[in-house]
Amino acid sequence: MSTEVAQRYVGASVARSEDPRILTGGGKYVDDVKLPGMLHAAFLRSPFPHAKIVSIDASAAREAEGVVLVYTGEDLEAMIRPGPYGISLMMNQDKPAFSCLATDKVRLVGDPVALVVAESRYLAEDAIELIDVDYEDLAPIATYEQALDPTNPPIFEDLGSNVLAESDLHTHGDVEGAFARADHVLSVRINQHRHQNVPMETRGFLASYDREADHLLVWSANQGVHLALHILAGRLGLSPEKIRVRTADVGGSFGLKIGATREEVAVAAASMALGRPVKYIEDRYENLMASGQAREEYLDVEAAYSDDGDILGMKVHMVVDAGAYPGMAAALPTMVEGMLPSAYRIGALEFRSTVLVTNKATYVAYRGPWAVETFVRERVVDLVARELGMEPFEIRMRNVVTRGEEPTSMITGRSLDGVTVRESLERMAETVDIPAFRRRQEAARAEGRYLGLGIASYIEAAPGPRAGQSPLGLEQMRMELDGDGKLLVYTGQMPHGQSHETTLAQIAADEFGVRFEDVRVVVGDSDLVPPGFTGGSRSATMAGGAALTTARALRAKVLELGAHLLEANVSDLRIEDGAISVAGVPSSAMGLAELVAAVQEPGRLPEEVDTELKVANSYDGGAGGWSGGTHCAIVEVDVETGLVTFERYVVTEDCGKLINPAVVDGQVRGGVAQGVGAVLLERAAYDERGNFLAATFMDYLMPTTMDVPNIEISHLETIPLDPDVNFRGIGEGGMIVAPATIVNAIEDALAPLGVRIHEQHLPPARILELAGVVEPE
Amino acid sequence: MALLAEHGDDAKLLAGGQSLVPLLALRLASPSVLIDLGSVPGLDYIRGDDGHLAIGAMTRERTVERSDLVKSSVPLLSEAMPLIGHLAIRNRGTLGGSTAHADPSAEIPAVAVALDAQVTATSSKRGERTIPASQFFQGFFTTALEPDEALTQVRFPVAGPGTGVAFEEATRRHGDFAMVAAAAAVRIDDGRIGDARIVTIGVSDVPVRCREAEQALIGVEPLASAFEEPSSLAASACDPPSDLHGTSAYRKHLIRVLVRRALEKSTRRPKEQT
């Protein structure tokens with residue numbers, strides 16, 4: 001096989017295939033799908049965080065104009081089998097038990113209590129107001145303390161308490177030795193606040209059950225059609241081949257749209273009962289209140305360090321607020337524990353965790369779900385620097401691993417092969433003149449202006465190292481040549497902003513030898529695409545590798561056929577620009593469409609030749625690997641108003657070989673924007689009684705283009721670990737490291753006021769409290 | 001007006017729809033009758049009127065913002081307009097709609113109260129009456145309008161010579177409602193402050209006129225050092241609410257900072273404003 005491939009598309013900022021339709025308003029989302037006879041669903045949701053349902057009277061709603069069906073939780077019990085919803089499908093949790101819609105009690109503000117299906121969404125919402133529910137208040141569990149108090153009622157009876165999971169103490173390395181050797185120990189509780197995925201497109205779901213065919217067609221906004229299919233099959237008791245799940249364009253997700261939710265299963269059940277299509281489009285109020293939230297946890301940290309700034313070891317207790325229903329919280333501590341040392345020579349770690357149930361929205365995956373490891377570690381590094389009066393950058397350079405030297409793995413066992421955090425720090429120091437900034441900062445302080453510089457580093461498993469790990473999984477892909485000689489790529493990836501239609505086509509076009517325009521990437525249809533899902537920054541390596549190897553396999557097959565048709569040796573053939581030819585003999589060229597036709601002509605080829613122009617393949621992730629890098633923010637804090645402005649934001653990152661630099665930069669920028677939001681604007685706030693306070697965009701503030709700084713990005717294209725596949729994902733990194741970067745910069749600005757920051761959310765009022773200007777409430 | 005008289009409390013007037021439509025979408029308002037003022041003629045004007053500038057209720061905020069007449073006659077209003085929401089909002093939103101909606105964080109009511117503007121209310125039965133801005137705003141989203149009355153005009157006094165203005169806001173993001181804002185219009189006569197008008201918003205259920213602070217400024221030389229005490233007086237006159245965007249103590253602090261900044265700015269530039 002020829003391995004010389006002209007790299008025409010990979011590495012270039014090829015304009016996105018998705019853009020023309022999406023940017024001109026031609027994108028098609030679930031809400032744009034309209035089926036004949038379609039009905040509309042709306043949900044009655046609990047106004048209380050924790051209450052018994054004494055009775056539900058839906059009789060007036062059933063009689064209301066345009067109403068076709070009303071289901072309470074009890075009505076649905078007989079139709080739905082217990083089991084996981086959403087991302088908890090991946091978690092293997094057998095407890096707690098709960099129902100599709102609330103039956104005995106409600107467990108958060110927004111808990112779905114009843115479903116109304118009507119001729120229009122307006123009429124469905126009108127009818128919702130006619131349902132009379134008699135609630136009996138229960139003590140709300142809305143804080144860590146309330147959840148840990150054994151005298152409070154359990155939110156789920158079968159758990160017996162509000163502790164969902166508690167780990168043993170895990171010890172890595174010589175923890176006692178590290179603390180004995182240390183000159184100092186920093187003890188601190190570092191908080192991360194609840195915030196959430198706010199995709200531009202909310203959740204959307206359309207179920208259409210055909211009674212005659214006993215077949216359920218579903219349109220759903222999701223990150224992987226087969227995950228949704230398996231939940232629907234399981235909860236509805238249908239065999240998987242009776243269900244087809246399709247997606248339209250997906251307007252963002254960030255981890256939210258995984259599997260099928262309780263609401264979606266209820267809607268599917270209604271469609272099955274009615275034999276008509278039923279659509280449910282979550283509104284923004286529901287999205288903010290009840291679709292899922294993330295990030296609420298704290299880490300109690302003791303960090304042992306030397307006079308010279310060596311961080312010797314850490315003792316950590318992680319406590320997570322998992323919200324009410326099972327999401328991904330139970331899986332978090334293990335991820336955080338494994339990642340906490342990151343690219344630093346932290347030689348000892350003691351870790352334990354407690355996961356709590358509360359009357360809040362379910363803890364779901366949100367871009368870099370384990371990111372608290374980076375926030376806490378990078379805060380600790382800066383706090384240590386401040387205690388020692390050292391430059392935080394110098395502490396990082398002291399502690400960061402060097403390639404080719406021990407240690408080559410984290411003390412928690414994960415290999416650091418190919419990690420280039422040190423190089424990204426060096427690049428940052430070349431890009432940002434830190435000593436010059438310090439001089440400017442000093443001069444500004446003399447004028448009463450508070451400038452700060454913050455740096456933070458991270459790595460993300462993209463898809464993660466192979467060494468010392470369980471297998472990376474298999475990414476499946478199919479490719480075929482159609483009658484026009486175009487290359488069809490079937491992937492289980494479900495793009496929701498990642499640009500797979502472009503990036504996978506770039507790889508396939510280069511490897512196969514067709515024009516980019518002649519590749520069509522097919523996604524989002526369980527009848528057509530192999531199983532898979534998009535998440536965890538895995539797809540650059542996994543789907544990129546699958547595209548590369550599958551295109552090669554199909555190319556080999558086509559060359560074989562071409563050898564027969566052109567009566568030449570395979571080694572003399574090439575495929576370029578959609579035509580196969582004998583090298584050096586342009587007149588021999590045969591277009592791929594012509595080849596397809598010739599192959600199908602009876603008698604043209606010997607019997608024994610495989611003439612199917614299709615390949616199904618899978619890719620195991622090769623050597624795997626990490627992405628990572630360093631971010632730097634320069635901010636100014638107005639100590640009269642507490643408002644923060646950015647002067648500069650710089651990213652030096654390494655995601656290996658860039659498939660499409662513009663797409664990579666877009667991922668970095670989007671992640672940083674969410675980090676800006678997390679620190680300065682976004683908080684899914686509850687009061688101590690469990691009332692949700694941030695249910696509109698006047699309360700839950702998203703960063704706009706006016707709030708996000710210009711982001712300067714430079715790429716380190718790393719050391720290849722694999723002969724072919726060195727693309728690594730970058731989807732989560734921006735969001736993982738930006739919060740630490742920005743908080744580090746704010747603390748640096750306020751350092752002359754003696755400020756130490758142990759939290760992530762810093763609205764202006766909080767900044768002035770920390771600065772001692774305003775009394776805390 | 002007949003429709004309004006007939007339906008009274010059951011009806012809502014729809015002007016630019018920048019506040020009412022979101023309330024309808026959230027089902028916080030569900031009037032049985034919606035009266036669209038969009039096609040009512042004669043409510044879209046800006047004209048001089050006996051030492052005042054009269055602005056028709058349906059004049060778009062963007063029109064007010066871009067009006068040279070407003071800029072030269074009522075500079076405080078000009079100064080406030082770009083701070084209202086975003087461009088798309090100001091293209092639809094109207095001066096009368098914002099005034100009648102009476103959001104306690106809205107800019108136009110602040111200007112109206114600061115300048116002692118006059119609000120014209122019209123009903124089909126009783127004709128027109130004039131309500132001073134100081135009496136018009138009665139609480140959160142509550143005004144002196146009767147159920148059968150529509151706000152048809154707001155009249156702002158024309159600024160006298162030597163008047164400087166400033167509108168200082170602290171917002172979480174560009175275009176948000178202010179956590180706190182301070183409006184100031186200060187007239188300098190012979191090097192000393194002859195008249196001062198200060199209003200803060202986001203601090204109570206209505207725009208708050210800071211009369212003690214105003215008094216303290218009369219006859220004072222406009223030096224930075226002279227503004228500390230009036231700013232503190234303005235802050236102590238209020239007991240602002242706490243919410244997600246800022247605690248009461250923070251807002252009180254902001255009043256002091258923003259009133260001081262507004263006074264510094266307005267007294268720096270009386271010349272350029274007149």
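When I say strand or helix today, I mean a DSSP run, at least two residues for a strand and at least four for a helix, numbered from the N terminus. With that in hand, here's a spot to start from: A:Pro463 sits in strand S17 of chain A, residues 450-465. And the bond leading into that proline is a cis peptide, joining A:Ala462 and A:Pro463, with omega at about 10 degrees.

Before going on, keep in mind that this is a predicted model. The predictor gives the complex an ipTM of 0.95 and a pTM of 0.96. For chain B, the mean pLDDT is 94, and 98% of the residues reach 70 or more.

Okay, while we're on cis bonds, let me show you another. From A:Lys95 to A:Pro96 the peptide is cis too, with omega near -5 degrees. Where does A:Pro96 sit? It's in the loop between helix H3 (73-77) and strand S4 (105-106) of chain A. So that's a proline in a loop, and A:Pro463 is a proline in a strand.

Let's zoom out to chain A as a whole. You've got 20 helices and 27 strands in there. The radius of gyration is 28 Å, close to the 28 Å the globule rule gives for 777 residues, so chain A is as compact as a globular protein of that length. If you lay the C-alpha trace along its principal axes, you get about 85 × 70 × 45 Å. Of the 777 residues, 57% are buried. And take the contacts between residues at least 6 apart in sequence: 81% of those join residues at least 24 apart.

Now, the domains of chain A. The assignment splits it into domain 1, which is 19-26 plus 473-619, domain 2, which is 33-138 plus 200-252 plus 257-290, and domain 3, which is 297-469 plus 622-770. Between the C-alpha centres of domain 1 and domain 2 of chain A there are 39 Å. Their contact takes 15 residues from domain 1 of chain A and 16 from domain 2 of chain A. What's the class make-up on the domain 1 side? Five nonpolar, eight polar and two charged residues.

One helix I'd like you to click on is H16 of chain A, residues 539-566. It has 28 residues and reaches 37 Å from its first C-alpha to its last, close to the 40 Å expected at 1.5 Å a residue. H16(A) is mostly covered, with 21 of its 28 residues buried. Just past the end of H16(A), A:Glu567 takes a positive phi of about 50 degrees.

That brings me to other positive phi values, and here I'd put two residues side by side. A:Phe254 isn't a glycine, yet its phi is positive, about 60 degrees. You'll find A:Phe254 in the loop between strand S12 (243-246) and helix H8 (262-274) of chain A. B:Asp50 isn't a glycine either, and its phi is about 55 degrees. That residue is in the loop between strands S3 (46-49) and S4 (52-56) of chain B.

So which is buried and which is exposed? A:Phe254 counts as buried because it has 25 C-beta neighbours inside 10 Å, and the cut-off for buried is 20 or more. B:Asp50 has 7 other C-beta atoms within 10 Å, so it is exposed; the cut-off there is 12 or fewer.

Over to chain B, then. Its assignment gives domain 1, 2-24 plus 44-157, and domain 2, 163-273. The centres of those two, over C-alpha atoms, are 22 Å apart. The contact takes 20 residues from domain 1 of chain B and 20 from domain 2 of chain B. On the domain 1 side, helix H5 (75-80), helix H8 (107-114) and strand S7 (137-139) of chain B each supply at least two residues. The largest share, six residues, comes from H8(B). By class, that domain 1 side divides into 13 nonpolar, five polar and two charged residues.

Last stop, the place where the chains meet. How many residues does each chain bring? Chain A gives 21 and chain B gives 14. On the chain A side, the largest share is three residues, from helix H20 (764-770) of chain A. And that chain A side divides into 14 nonpolar, two polar and five charged residues.

That's my tour, thanks.

Terms used
Residues numbered from 1 in each chain as written. Chains lettered and ligands numbered in written order. Predicted model: local features only at pLDDT ≥ 70, side-chain atom pairs only at ≥ 80, totals over all residues. Expected span 1.5 Å × (residues − 1). Rg over C-alpha atoms; globule rule 2.2 N^0.38 Å. Contact = placed C-beta atoms within 7 Å. Nonpolar A, V, L, I, M, F, W, Y, C, P; charged D, E, K, R; others polar. pLDDT = per-residue confidence, 0-100. Domains from an automatic or database assignment.
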